[in-house]
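Dear colleague,

I am passing on the structure below, with some notes on what came out of going through it. Please have it open beside this message as you read.

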Amino acid sequence: MPADMRARLGPVELPNPVLAAAGCAGAGRELAQFLDVARVGAIISKSIMTEPRTGNPAPRLAETPSGLLNSVGLQGPGIDAFLQRDLPWLLSHGARTVVSIAGQTIREYGALASRLSDAAGVSAVEINLSCPNAEDTGRLFALDPATAGSVVAAVRGSLRHDIPVFAKLSPDVTDIVAVAGACVEAGADGLSLINVLLGMVIDPGRLRPALAGAYGGLSGPAVRPVAVRCVWQVAEAFPDVPIIGTGGVRTGRDALELLLAGASLVGVGTAIVHDPSACSRVARELETELAALGADRVADVIGQAHGRGALGARGAYGIHGRGASELVNGPSGPSRQTG
Amino acid sequence: MKAAAAGPVQVRATVLTVRRVDAYHALTLVAPAIATRFRPGQFVTIAVGGPETSMLGRRAFVVHDVHPDHGGTVEFVFDARGPGTRWLAALRARDSVDAVGPLGRPFPVPQNPSRCLLLGVGYGSAPLFALAAKLTDRGSSVDFLLGGQSADRVFGALTARRSGRSATITTADGSLGARGPVTAMLEQVIREARTEVIYASAPVPVLRDVTALADRYAIPVQASVDVAMACGIGVCMGCVLPVTGTDGITRIVRACVDGPVFRADLVRWDDVGTIPFDALGAPGWKPKAEGHLHAG
């Protein structure tokens with residue numbers, strides 16, 4: 001029997017738990033050529049700032065093994081154009097929209113949140129904390145628990161109370177649980193993790209950094225184990241806080257891995273660059289994975305890798321005979337090898 | 001809704017042939033849904049490396065031509081110089097690939113019959129032949145000016161000689177046609193052919209020089225830019241360049257959705273790879289009239 005794929009994002013019911021991650025779905029229109037945006041769990045917008053922004057010079061992208069390094073620099077139309085043009089389009093096409101916001105100051109985040117309070121079609125707000133704080137020599141908000149908490153408090157205090165707030169965390173910290181805790185304490189309804197990892201590529205042909213901005217954010221399957229670890233740690237510390245698990249998801253099996261680690265929703269990002277219909281494919285594949293596990297609904301697998309629930313105790317993979325396990329790949333049966 | 005019907009599709013396409021064309025490779029896919037929607041100047045993207053690939057960026061190729069056989073085939077020409085293109089060159093008939101297309105803004109064609117010069121460098125010449133056929137069909141004349149590093153890197157010289165009213169070839173090493181860059185012959189060709197419109201598909205520095213020269217003769221240029229793309233559909237924001245709108249405002253636009261064919265006089269060729277200070281949203285940029293959005 002097919003599993004019930006429905007999921008919840010605060011008060012909003014989603015047809016499935018697979019979301020298009022911020023910065024990889026454009027304004028929604030780009031993807032609509034290849035899938036029905038109304039059937040994607042939700043579309044997380046590109047990070048919206050107050051003013052239009054050019055972003056960084058090209059080259060902005062470099063391909064790395066199973067990854068992409070980018071320094072786009074938050075190019076975007078600004079909130080006025082977003083509210084006039086993009087959000088109404090998403091709403092009229094039946095999409096559920098999570099609006100990602102980015103600011104240069106804590107006050108800017110708050111101001112963006114209050115603009116969104118009056119807008120129709122905002123299912124949730126995701127706070128992109130991986131932005132330089134103009135009031136602290138460009139240090140990312142996400143790096144410090146107190147600063148991250150202040151941003152969350154500013155957004156929560158300015159946003160309509162029935163719109164859930166998710167804080168998107170950076171993995172480039174020594175203690176992600178501490179940052180998560182500060183965000184939850186400050187009123188975040190959920191957490192979104194992970195954002196990109198800071199990385200660099202040097203072009204040996206030109207003897208220079210491959211990106212005009214020198215460093216960039218690494219994403220794609222290469223970072224998936226980091227995402228799984230972060231989701232696991234945060235879910236262990238805050239088992240009741242909803243998590244959007246994002247980072248290197250390419251297949252339904254990858255999505256299942258993040259759910260097992262404790263995410264209740266899964267973001268698909270860089271995979272969209274490779275496959276414009278990735279969101280619908282991953283949702284379809286996840287449904288197959290759940291059916292193979294004998295799970296009736298998505299909730300049955302959330303956090304199961306922590307060994308707390310019914311399915312885990314049954315050792316579902318063993319019962320259903322997943323065939324030869326491969327040490328190198330995603331979630332698989334008990335390995336005969338160790339270490 | 002009409003635009004959506006003509007939009008791009010994502011298909012599993014079967015390889016019909018992969019063949020060497022001098023220094024390049026030509027790959028032909030059976031992809032009827034792309035072939036029927038195609039207009040000259042548009043491109044396709046291909047996922048390379050198979051289902052477990054470590055190469056996440058798609059590879060973008062301007063379409064050489066489409067044919068009605070097998071329901072519709074799509075051919076593109078490429079230089080196998082990286083891991084993705086080498087993987088493509090090693091494909092065999094009946095292999096299949098994930099293809100998306102047709103993408104991007106095609107070459108606009110003149111309302112009235114015109115004397116058109118089609119200028120291409122290297123494999124950049126590939127999209128010019130489908131364009132030439134369309135122009136000829138509509139009563140325009142076509143002159144070719146093709147160039148490359150060497151004879152084996154001038155794509156389509158023979159076809160140009162056969163199908164063009166004239167065909168001028170240049171190579172950097174003098175192994176075919178005149179020695180030198182295409183731009184060295186451009187003025188002479190413009191004068192002799194009494195060119196009214198230029199279509200150019202070449203590296204950015206060549207497009208910049210062609211634009212500057214054509215400007216002196218007041219000849220409009222439509223330029224197809226060859227910039228690296230990762231998604232081809234407008235989500236990754238990788239293929240950007242500064243282009244001035246007809247409203248006079250410079251924006252950082254995506255070559256994949258706003259191009260790859262641009263009105264050349266609107267592209268800020270000297271600023272490609274930079275963020276001009278006066279671009280909309282550049283650091284320090286301010287809206288011209290504060291509050292005009294609320295003024296009604």
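Leaving aside its neighbours within four places in sequence, which residues is A:Glu289 in contact with? Beyond that sequence window, A:Glu289 is in contact with A:Gly252, A:Arg253 and A:Leu256. Please keep in mind throughout that this is a predicted model. A:Glu289 belongs to helix H9 of chain A, which covers residues 278-293, and A:Glu289 counts as buried because 21 other C-beta atoms lie within 10 Å, where 20 or more are required. The C-alpha atom of A:Glu289 is also separated by 10.0 Å from that of A:Pro2, although the two residues are 287 apart along the chain.

On confidence, the predictor assigns the complex an ipTM of 0.92 and a pTM of 0.92. Chain B has an average pLDDT of 93, with 94% of the residues scoring at least 70, but two stretches of chain B call for caution. Over residues 1-5 of chain B the pLDDT stays under 50, and the model has zero contacts beyond four places in sequence for them; over residues 289-296 of chain B the pLDDT likewise stays under 50, and there the model has one such contact. Where pLDDT is low, the predicted coordinates should not be read in detail.

As for the overall form of chain B, it contains nine helices and 15 strands, and its C-alpha trace spans about 60 × 50 × 35 Å along the principal axes. The radius of gyration of chain B is 20 Å, which agrees with the value near 19 Å that a compact globule of 296 residues would have. Of the 296 residues of chain B, 49% count as buried, and among the contacts in chain B between residues at least 6 apart in sequence, 65% join residues at least 24 apart.

One element of chain B that I followed further is helix H4 (residues 128-137), whose buried residues are B:Leu128, B:Phe129, B:Ala130, B:Leu131, B:Ala132 and B:Leu135. The cover over these buried residues includes strand S4 (59-67), strand S7 (115-121), strand S8 (141-148), helix H5 (157-163) and strand S11 (197-201) of chain B. After H4(B) comes B:Gly139, which has a positive phi, near 90°.

Chain B is divided into domain 1 (2-103), domain 2 (107-226) and domain 3 (230-296). In the contact between domain 1 and domain 3 of chain B, nine residues come from domain 1 and seven residues from domain 3. On the domain 1 side, strand S3 (43-46), S4 and strand S6 (96-103) of chain B each supply at least two residues, and by class this side has five nonpolar, three polar and one charged residues.

Finally, the contact between the chains takes 33 residues from chain A and 31 residues from chain B. On the side of chain A that touches chain B, strand S5 (61-64), strand S6 (67-70) and helix H8 (270-274) of chain A each supply at least two residues, with H8(A) giving the most, namely four residues. The residues on this side of chain A divide into 15 nonpolar, eleven polar and seven charged.

With best regards

Note on methods. Residues are numbered from 1 along each chain as its sequence is written. Chains are lettered from A and ligands numbered from 1 in the order in which they are written. This is a predicted model: local features need pLDDT of at least 70, side-chain atom pairs count only at pLDDT 80 or more; totals for chains, interfaces and linings use all residues. A residue is buried if 20 or more other C-beta atoms lie within 10 Å of its own, exposed if 12 or fewer, and partly exposed in between; C-beta atoms are placed from the backbone. Two residues are in contact if their C-beta atoms, placed from the backbone, lie within 7 Å. pLDDT is the predictor's confidence in each residue, from 0 to 100. The radius of gyration is taken over C-alpha atoms; the globule rule is 2.2 Å times the number of residues to the power 0.38. Domain bounds come from an automatic or database domain assignment. Ala, Val, Leu, Ile, Met, Phe, Trp, Tyr, Cys and Pro count as nonpolar, Asp, Glu, Lys and Arg as charged, and the others, Gly among them, as polar.
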